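Me: Could you walk me through how to read this model, one feature at a time?

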Amino acid sequence: MTEMKENLLDWLRDAHAMEEQAEQMLRAQAKRIEHYPAVRQRIEQHLEETLGQQRLLKSSIERLGGSPSTAKDLMGRMMAFGQAAGGMTNSDEIVKGAISSYVFENLEIATYTALIAAAKAVGDIETQRVCEQILPQEQAMAQWVLEHLPQLTEEFLSRDAAPNVEAKR
Ligand code: MG
Ligand code: FE
């Protein structure tokens, strides 16, 4: 395998580990959210997309002769840190979670942008096509989170200010 293809394969494996981490985060968030149904619904939709992304990446990795790595490599560890920093179980976890999601989606956007350039450089049309299919899903999720963040924050604040109303999730 050429040097360039090896880099592409490594990055695809990192992306696969990143999507496994995404799956864990999305599942955990969807399970905990109780009072913000629109957020939970969007998370569940993106969870489905994420599972599809994993399948697409796996097929690209295998076509290049590799096998998917799990979340224990560098990218996975980085994401685990992000998740811990995201503040699950904090009294404001719905807001902190949305902020973390936005950060994570932007990491994904940058990852697929680099992967598309790498696939082009290698001349791997199929991998390029796969990454070009995934990228808009990450962009749409990032956009959705950012657009809903003001309203979500206001909703959290008024729930938090009301007596006997749970706000955090
Ligand atoms: Mg993703
Ligand atoms: Fe995503």
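Me: Let's start with the metals: what does glutamate 108 bridge, and how far apart do the two lie?
Reply: A donor here is an N, O or S atom within 2.8 Å of the metal (3.2 Å for Na, K and Ca), and water is not among the atoms, so sites may look incomplete. In this case glutamate 108 bridges the magnesium ion (ligand 1) and the iron ion (ligand 2), 3.1 Å apart. This is a predicted model, where local features need pLDDT of at least 70, side-chain atom pairs count only at pLDDT 80 or more, and totals for chains, interfaces and linings use all residues; side-chain values use heavy atoms, leaving out hydrogens and water. Residues are numbered from 1 along each chain as its sequence is written, while chains are lettered from A and ligands numbered from 1 in the order in which they are written.

Me: Which residues coordinate the magnesium ion (ligand 1)?
Reply: Glu19 (OE) appears twice, alongside Gln53 (OE1), Glu108 (OE) and Glu138 (OE), at 2.0 to 2.3 Å. Along the sequence, the spacing of these donor residues reads E-x33-Q-x54-E-x29-E. Glutamine 53 sits in helix 2 and glutamate 108 in helix 4, 55 residues apart. Helices are DSSP runs (H or I, at least four residues), numbered from the N terminus.

Me: Are glutamine 53 and glutamate 108 buried or exposed?
Reply: Buried means under 20% relative accessible area, exposed over 50%, partly exposed in between (1.4 Å probe, protein chains only). Both glutamine 53 and glutamate 108 are buried.

Me: And how do I read a nonpolar core?
Reply: In soluble globular proteins, nonpolar side chains tend to be buried together. A core is a set of buried Ala, Val, Leu, Ile, Met, Phe, Trp, Tyr and Cys residues joined through side-chain atoms within 4.5 Å. The largest one here has 22 residues, and Tyr112 is among those touching the most other members. Helix 1 (3-32), helix 2 (37-63), helix 4 (93-122) and helix 5 (125-161) each supply at least two of its residues. Apart from it lies another core of 17 residues, including Tyr36 and Phe156.

Me: What does tyrosine 112 touch?
Reply: Contact means heavy atoms within 4.5 Å. Leaving aside residues up to four places away in sequence, tyrosine 112 touches, among others, Glu19, Gln53 and Glu138. Those three residues also coordinate the magnesium ion (ligand 1).

Me: Where is arginine 169, and what does it touch?
Reply: Look in the segment after helix 5. Its contacts, with the same sequence exclusion, include Arg32, Tyr36 and Glu93. Arginine 169 and glutamate 93 are 76 residues apart in sequence, yet 6.4 Å apart in space, C-alpha to C-alpha.
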